[in-house]
Amino acid sequence: MDIDPAWLPPAAFRAVGGRRVLVRGAGPLAETVRGEVTAARARFGGREAGEGAPADLVLELTGDTDDEGFAYGRENGTTTVTASGGRGLLYGLFHVVRLGEEAFRGERARQEHRPAVALRMLDHWDNVAVHPVMGQVERGYAGGSLFWSDGRARGDLDRVRAYGRLLAACGINAVAVNNVNVHETEARLLTDRIGEVAALADALRPYGVRTHLSVTFAAPVVLGGLPTADPLDERVRAWWAGATARVYEAIPDFGGYVVKADSEGQPGPFAYGRTHADGANLLAAALAPHGGTVHWRAFVYDHRQDWRDRTTDRARAAYDHFVPLDGDFAANAVLQVKHGPMDFQVREPLSPLIGAMPRTRLAVEVQATQEYTGQQRHVCWLGPMWSEVLRSRPDGGAGTGRIADGLVAVSNAGDDPFWTGHPLAQANLYTFGRLAWDPAADPRTVLGEWIALTHPEAERRLVDGLHAVLDGSWSTYEKYTAPLGVGFMVQPGHHYGPSVDGYEYSPWGTYHFADRDGVGVDRSAATGTGYAAQYAKPWSELYESPDTCPDELLLFFHHVPYGHVLHSGKTVIQHIYDTHFEGVAEAEEARRVWAGLAGLVDPARHARVAERYEEQVRCAREWRDQVNSYFLRKSGVPDERGRTLH
């Protein structure tokens, strides 16, 4: 079976494979490194360096620890990587692969490299059996599941092993293999079907990737036959302890559980009058003897609210639910918080929950799968968005700037031949891994790494062309979709394509409150929902007034007249018109640039991207026409440039 090599094509290993290499050390991950080097040497003519013989590259495992760091340097013609843990040696090898020929030039002082964040994880929203509404992968835009087929774990795990290899090469060390919305089939993975999960763990383990499982809070009732799932009931605690011990018998290095509770219909501790700390600590206690972690999602809000009630604000929900519980969570419980307060929109402020719980371990969750950013039919490289999040100072600048103990992305990969549906969406998966390793990294530099690895022999015109279509693609998408922080405006259910009022009068929340006089949601403390006051200073003060609120978030925080003048000097209504025309023009230009790269890219890959660009341009025009005509009708204000607003 041919498997797309993504950012690990054979040519990426040319610099390593053509040299004298010595691998020292024993253990499963050292053997993985040895196997990678052996395959590269066989392809490019290098040879194994014996002990005491000259070597161009030495990769040495010096211990048996869990440390993921490595030291790298070059002296007297030898490049050396040393690590005390197997993962560190593996990451050190891929560091050399990224550097290519540069790793073997000149002298380099020894440098320590280690991840800034210990947990770098992907959540797969994969259903074991095809769901009648959500299909095989909920919010999946790259075919079926990598892990499950016909209601069972896949028998051929070659793609799973290849996936683990790709993840290790960008620094990801954990994967949850099933949907956070746990249906009955997924629930049974915890008990009588744990052997199937163990097979997946066996395939991922050689690349240092630990396996996690999403579980239902109601498992003691659904699977154990108990009359209750009350987290303080001793029978419930005993059931979870026994079930978890059996998981570790099957998977000794099992990572832990992911839980969505009291959210969008999922069961949780509220049914028993208990807190979310009670619920999380129940599972944490079961996992603690085995070194496991529970990831408790903070995506808890009222999804049956009255749209006419302007005091109910979905954005407030996570902070209101969880900040009073700061310090109540167990040491091996991680609160998993979406990076924004709503739901992975193209533009949101950083969630105020991040930075507001100093005594609780937090993981920030982003979405690599492009649910609201074009569903991998549009090019939308998310590196700049994530970088803004990771560089934020939610404490107002008083702390170190580190915002979380873990970083999690909802994966965008499936069984599509190109892994991600849109071949250029591979850049999002790679970028997440590298930014999780180093949140301070320049995202454009990371994108350059992806381009160089994926196309290691590319001429300058291809490199420049890829940067041209990817660098500004998030900004382009934002321009032709929802303006100034509004969000949503999508077709209900599947969330693709424009529908300005699609969710505006629904129980899921209200997002723009557009009327004849203005647009936006008043979230100020003085006259609105009070959401802005959830932030530490200076952010609370910045967001409180429309005079100081950043333009790109104005309508998220304030309801303003259409004639309100932005810091850019434009009125809100003219900004809406102009950016939607600009976004379409930029999408059309990107399509033109990509067409000009034919002959420089594999024909099948080029054709897939070209086909997706046709759809992107069509959809961008639809967004422009629907949004502009909607706000023309609402405001009665024509475009000052006299363009036709359909």
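## Worked exercises on a predicted model

Two bridges tie strand 1 (residues 20-24) to strand 2, and these strands run parallel. Keep in mind as you work that this is a predicted model.

**Exercise 1. Find which residue stands opposite Val 21, then place strand 2 in its sheet.**

Step 1. Look across from Val 21 and you land on Glu 48 in strand 2.

Step 2. Now zoom out: six strands make up an open sheet with mixed pairing, in the order 2-1-3-5-4-6. Strand 2 (47-48) and strand 6 (108-113) are the edge strands, each pairing on one side only.

Step 3. Add the helix. Helix 2 (residues 28-44) lies across strand 1, strand 2 and strand 3 (57-65), and it runs at about 165° to strand 1.

**Exercise 2. Work out how helix 15 sits on helix 18: oblique or roughly parallel?**

Step 1. Get the geometry. Helix 15 (residues 473-480) packs with helix 18 at an angle of about 135°, and the axes are 7 Å apart.

Step 2. Compare with the cut-offs: under 35 degrees is roughly parallel, over 145 is roughly antiparallel, and 65 to 115 is roughly perpendicular. The angle fits none of these, so helix 15 is oblique to helix 18.

Step 3. See who makes the contact. Helix 15 brings Thr 476, Lys 479 and Tyr 480, while the helix 18 side includes Thr 579, His 580 and Glu 582. The crossing is left-handed.

**Exercise 3. Say which helix gives the most to the largest nonpolar core.**

Step 1. The core holds 203 residues, and the members touching the most others are Trp 7, Trp 240, Tyr 257 and Phe 631.

Step 2. Helix 18 (residues 572-595) gives the most, with ten residues.

Step 3. Try one hub. Beyond its sequence neighbours within four places, Trp 7 is in contact with residues including Leu 166, Tyr 430 and Trp 450.

**Exercise 4. Decide whether Leu 287 is buried or exposed.**

Step 1. Locate Leu 287: it belongs to helix 9 (residues 276-287).

Step 2. Its relative accessible area is 0%, and buried means under 20%, so Leu 287 is buried.

Step 3. List some partners. Skipping residues up to four places away in sequence, Leu 287 touches Tyr 248, Phe 254, Tyr 257 and Asn 332, among others.

**Exercise 5. Count how many residues of helix 6 are buried, and find what they pack against.**

Step 1. Helix 6 (residues 194-204) is mostly covered, with eight of its eleven residues buried. Among them are Ile 194, Glu 196 and Leu 204.

Step 2. These buried residues pack against several elements, including helix 4 (158-170), strand 13 (210-214) and helix 8 (234-250).

Technical notes. Residues are numbered from 1 along each chain as its sequence is written. This is a predicted model: local features need pLDDT of at least 70, side-chain atom pairs count only at pLDDT 80 or more; totals for chains, interfaces and linings use all residues. Side-chain values use heavy atoms; hydrogens and water are left out. A nonpolar core is a set of buried Ala, Val, Leu, Ile, Met, Phe, Trp, Tyr and Cys residues joined through side-chain atoms within 4.5 Å. Buried means under 20% relative accessible area, exposed over 50%, partly exposed in between (1.4 Å probe, protein chains only). Helices (H or I, at least four residues) and strands (E, at least two) are DSSP runs, numbered from the N terminus. Contact means heavy atoms within 4.5 Å. Two strands pair if DSSP finds at least two bridges between them. Axes are lines fitted to C-alpha atoms, for helices over the stretch in contact, and angles run from 0 to 180 degrees between N-to-C directions. A crossing is left-handed if the near helix is turned anticlockwise from the far one by less than a right angle, and right-handed if clockwise.
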